[in-house]
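Here is a set of short exercises to work through with the model open beside you. Try each task before you read its solution.

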Amino acid sequence: MARLEIRDLHASVEGREILNGVNLIVNQGEIHALMGPNGSGKSTLANTLLGHPKYKVTGGDILVDGESIVGLTPDKRAKKGLFLAFQYPVSVPGVTMFSFLRAAYNAVHTDEKNQAPTLFEFREEMNEKMKLLGVDESFMHRYLNEGFSGGEKKRAEILQLALLKPKFAVLDETDSGLDIDALRVVAEGVSKIAGSDLGVLVITHYQRILKYIKPTFVHVLYEGRITASGGEELSLKLEEKGYGWLKEQAGVVS
Amino acid sequence: MAQQTMGSFTEAAVEETSKSHGEPEWLREFRLESFRQFAKLPLEISPLYTKYTGLSSFDIGQFPLDHTPESIDLRTHFEGYLTGRETNVILQGNTRTIHIDLDESVAKGGLEVLGINEAISKNPGLMKEIFANKLVKSEREKYAAFNNAFFNTGTFIHVPRGLEVASPIRKIQLVRNPTTSIIDQTIIYAEEQSRVNFLEELYTRESARPYLLSSVTEVRAGPASTVDASTLQFLDERAVYLSNKEVDAPKDSKVNITSIFLGSSITRSRLNFDLNGRGANVDGFEVFFCNGKQRFDLESNLNHNSPDTTAAIHARGVLKDESQSIFKGMIKINHVAKNSNSYLAHHAMLLDKRARSDGIPGLDIDTNEVKATHSASVAQVDEEQVFYLEARGLPEDEAKKMIIVGFFEPVISRVPVEMAREGAKFIIEGKWRGERRRLVDRETLMAITGEAPVDVRQSSDVFERHYKYRA
C-alpha cells in the first residue's frame, strides 16, 4: 500500500515562513480532511506538495513510499502519483480539453517501457469517466477552463482526477465558490472515484463538503502546524464553535 | 540604420515595367505618379511613430528588378504542395501566375480569377475604374506607393453579385531563387451579397540571396457581402516582406482579415479597415512568432466612417532570442459614426530577456455614443499556467509549448485549409524548439498531413488538363 508522508515540513513563500513543521501520513484508501482558518497555510501545503516554484521547502521532507519527492519537478511528482485539484484552476486559451487531457493522460500513463497509451485506449477511458461523472461531450471541444463556470471548473478537475488515476489526491478547497447543487455533484464525483487505490487529502474551510466525502481522519491546521487531529467529530466541533478556540489552545501549547 | 538607396527602382524602371506588360496609358500614368510618391515619402508619416522607423528599415536599393520572363520548370516546382484534390487554386512561381483552376460550378456562376496583367488587358474598363479609385493609396504609405509603381505580378478576383463561393480560393506563392523582386497586387472585388474566402500561402523553396516580396491586397467588399482573406507567410530568412492591405467595408458587409506571419528577416505590415457603410462589421486577426534576429513591424487601423459599425483587431505575438516587434494601431471614429463599437488588442509573449516587443494602441474619437476599447500587454509565459500543466504530468518544456501553440490556436483555426493550419503549427513548434523548419519536401508534408501529396510530375490531373500547360 502506498503512503504519502509529510515529515516536519517547513515551507516559505517569497521569504515568508508559512508552514512550521507539518506532520501527516496519508495511506492509499484513506480520506483525510485538513481544515483551518484563512491564512493557516492550507493552500501553501497543497502547492508545496506539488512543487509550485513560488513555494520553497525550507525544512523537513515529503515522501512517497519512503522516497523524497522534494527535489522533483511538478511533472515528476504527478508521475509518482500525486494529484492536485486546484482551488482556482487557471484557463489555458487555445488548448482544448481533449488535447490537454490526452497529453496529460499520456504523460502520466506512459509505462516503464516508454509505451504511451493508444488513442483508442484514451478514448475508451475518457468516455467511461465522462459517463461516470456526467460530463457532457461538448466539454472536450472547449478550451481548457476558458469561460467555465465555477462548477464546471471543479467538475473538470474531478474528471482529470478520474482519468489520471493518482495514488494521492489533494483537493484544495474544491468546495469554494460552489452553490449547494454544484457542491453535491462535485463531491459525489469524488466519492465515486475514491476507493482503496486512492488516498485523499480534502482541504477545506467548511464542514459542508464532508457531508458528502466522509473523512477517516480530520486535522486542523493552524499557523502552519497541525494542532489537532481526530475523527469526524472534530469537523463537527469546528462547524459548531468556529476556529476561535484554536487560538486559545495554541496559546496554551506555546 | 541602412542607407536608403533606390538601386534598380528608378523612374526609367517604372516605364520599363509598364512597357514590358504592354499596359494602357492610364496605368503607366498611375505607376509614374506612384513612383513620385515613393521617392518623396519618408519611411513613416505619422509623427506618433517616427521614433520606431529603425525597426523595419532596410536598403531597397540592394534588391533587383528584372523584366526578363523567367522560365520555370513547372512540374517539379509545386511537388509537395498539392494533394491533387484542390479546386479553386492559384499557383504562382516567383512573378509568374502558373496555374489557375476553379471549381466548375463557381466558374459557371461567373467567378473570375485572373493574373493581374491578364485582368488589365481583358477588362480594361473595370480595371481602370478600380485603379482610379485605388484603396491602397500611394500618397499614404511609402511602400504602398512602391508596390503601385512597380508591381509585376498579382491576382484579380471578381465575385459577381450574389455568388457564394463555397470552398476557399487558395493562392500558393512559391519563391525560388528569384532574379527580380516579387511585387504583387491582389485585388478582391466581391459584389453585393456575395461570399468568398481567400487564402494566400507564401513559401520559399530555395533562395541564394536576400530578396524582396512586396504584397498589396485590396478587399473591395460589396454591400452585405462576406469576405475572408487570410495570409500565411512562411518565407525563409532571406526575405524582406512588405504587406499593405486595405479593406473597404460598405453597408452590412462582413470582412475578416487573418494574417499569420512566421518567416522573413523583416516583415512590415500595414492594414487599414475602412468602415464606410452603416452596419459594416470587420475583424482583423494577426499573429506572429519571431525568433533569431527577425524584425516585425505591424500597423493596423480601424477607421469608422459610418454609424452602427463594429470592428475588432486581435494581434498577438511570441518573441524569442533577439527578435523584436512593434505593433501600432489606432481606432478612429469620425463624427458621423455614432453607435459604433471598436476593439483593438495587442498581446505579446516574450520567451527571452533579449527579445523586445512594443505595443502602441491609440484612440481618436470625434463623437459620443460609441464604445471603444483598447488593450496591450507584454508578458512572459504565465507561471501559473505552466504549473497547472506541469502538475498534470507535462514537463515544463511541453507545458510551455502547449501554452504557446494555444496562444496562436484561435487565429490558426480560422485558416480554411487543414494542410495550411498544420503547416503553421509545424513551423511554430520548430521555432519554439529552435529548429529551422521549412515546408518544402514531401516527407515533411506527409508527416504533418498524414498523407502523400501527389507527385505532380506523374500526375495528369493537376496541370495537364489546363490549356496553359499543354504547350
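**Exercise 1. Getting to know the two chains**

Count the helices and strands of chain A, then compare its radius of gyration with the globule rule.

Solution. Start with the secondary structure: chain A holds 8 helices and 12 strands. Keep in mind that this is a predicted model. Next, take the radius of gyration. For 254 residues a compact globule would have a value near 18 Å, and chain A has 18 Å, so the two agree. Along its principal axes, the C-alpha trace of chain A spans about 60 × 40 × 35 Å. As for burial, 43% of the 254 residues of chain A count as buried. Finally, look at contacts with a separation of 6 or more: in chain A, 74% of them involve residues 24 or more positions apart.

Now repeat the count for chain B.

Solution. Chain B has 11 helices and 19 strands. Of its 471 residues, 50% are buried. Among the contacts in chain B with a separation of 6 or more, 81% come from residues 24 or more positions apart.

**Exercise 2. An open sheet in chain A**

In what order do the strands of the 4-stranded open sheet of chain A lie, and which are its edge strands?

Solution. Trace the sheet from one side to the other: the order is E2-E1-E4-E5, with antiparallel pairing. The edges are strand E2 (16–27) and strand E5 (67–68) of chain A, each of which pairs on one side only.

Then follow strand E1 (residues 3–13) of chain A to its neighbours. On one side, 9 bridges join E1(A) to E2(A), and the two run antiparallel. Within this pair, A:Leu9 stands opposite A:Val22, and A:Glu5 stands opposite A:Ile25. The two strands form a hairpin with 2 residues between them, and A:Glu14 in the turn has a positive phi of about 45°.

E1(A) is also joined by 8 bridges to strand E4 (residues 55–64) of chain A, again running antiparallel. Here A:Glu5 has A:Leu63 as its bridge partner. Put together, A:Glu5 has a partner in E2(A) and another in E4(A).

**Exercise 3. A strand with two parallel neighbours in chain B**

Find the strands that E11 of chain B is bridged to, and how they run.

Solution. First check the setting: strand E11 (residues 254–261) of chain B is mostly covered, with 6 of its 8 residues buried. Strand E9 (residues 226–234) of chain B shares 8 bridges with E11(B), and the two run parallel. In that pair, B:Gln233 stands opposite B:Phe261. Strand E13 (residues 281–290) of chain B is likewise joined to E11(B) by 8 bridges and runs parallel to it. There, B:Asn256 is partnered by B:Asp283.

**Exercise 4. Where the chains meet**

How many residues does each chain bring to the contact, and which classes make up the side of chain A?

Solution. Chain A gives 22 residues and chain B gives 19. On chain A, the elements that give two or more residues are helix H2 (74–79), strand E7 (92–96), helix H3 (97–109) and helix H5 (150–164). Sorted by class, this side of chain A has 16 nonpolar, 4 polar and 2 charged residues.

Now turn to helix H8 (residues 383–390) of chain B. With 6 of its 8 residues buried, H8(B) is largely enclosed by the rest of the structure. The buried ones are B:Gln385, B:Val386, B:Phe387, B:Tyr388, B:Leu389 and B:Glu390. They pack against H2 and E7 of chain A, together with H9 of chain B.

**Exercise 5. A kinked helix**

Compare the span of helix H9 of chain B with the expected value, then locate its kink.

Solution. H9(B) (residues 396–412) has 17 residues and reaches 24 Å from its first C-alpha to its last, close to the 24 Å expected at 1.5 Å a residue. A kink of about 25° lies at B:Gly406, shortly before the proline B:Pro410. B:Gly406 is also one of the buried residues of H9(B), which include B:Phe407 and B:Phe408.

**Exercise 6. One loop residue**

Is A:Asp197 buried or exposed?

Solution. Place the residue first: A:Asp197 lies in the loop between helix H6 (180–193) and strand E10 (199–204) of chain A. Then count its neighbours. A:Asp197 has 14 other C-beta atoms within 10 Å, so the answer falls in between: partly exposed.

Notes
Residues are numbered from 1 along each chain as its sequence is written. Chains are lettered from A and ligands numbered from 1 in the order in which they are written. This is a predicted model: local features need pLDDT of at least 70, side-chain atom pairs count only at pLDDT 80 or more; totals for chains, interfaces and linings use all residues. Two residues are in contact if their C-beta atoms, placed from the backbone, lie within 7 Å. Ala, Val, Leu, Ile, Met, Phe, Trp, Tyr, Cys and Pro count as nonpolar, Asp, Glu, Lys and Arg as charged, and the others, Gly among them, as polar. A residue is buried if 20 or more other C-beta atoms lie within 10 Å of its own, exposed if 12 or fewer, and partly exposed in between; C-beta atoms are placed from the backbone. Two strands pair if DSSP finds at least two bridges between them. The radius of gyration is taken over C-alpha atoms; the globule rule is 2.2 Å times the number of residues to the power 0.38. The expected span of a helix is 1.5 Å times one less than its number of residues. The bend at a residue is the angle between axes fitted to the seven residues ending there and the seven starting there.
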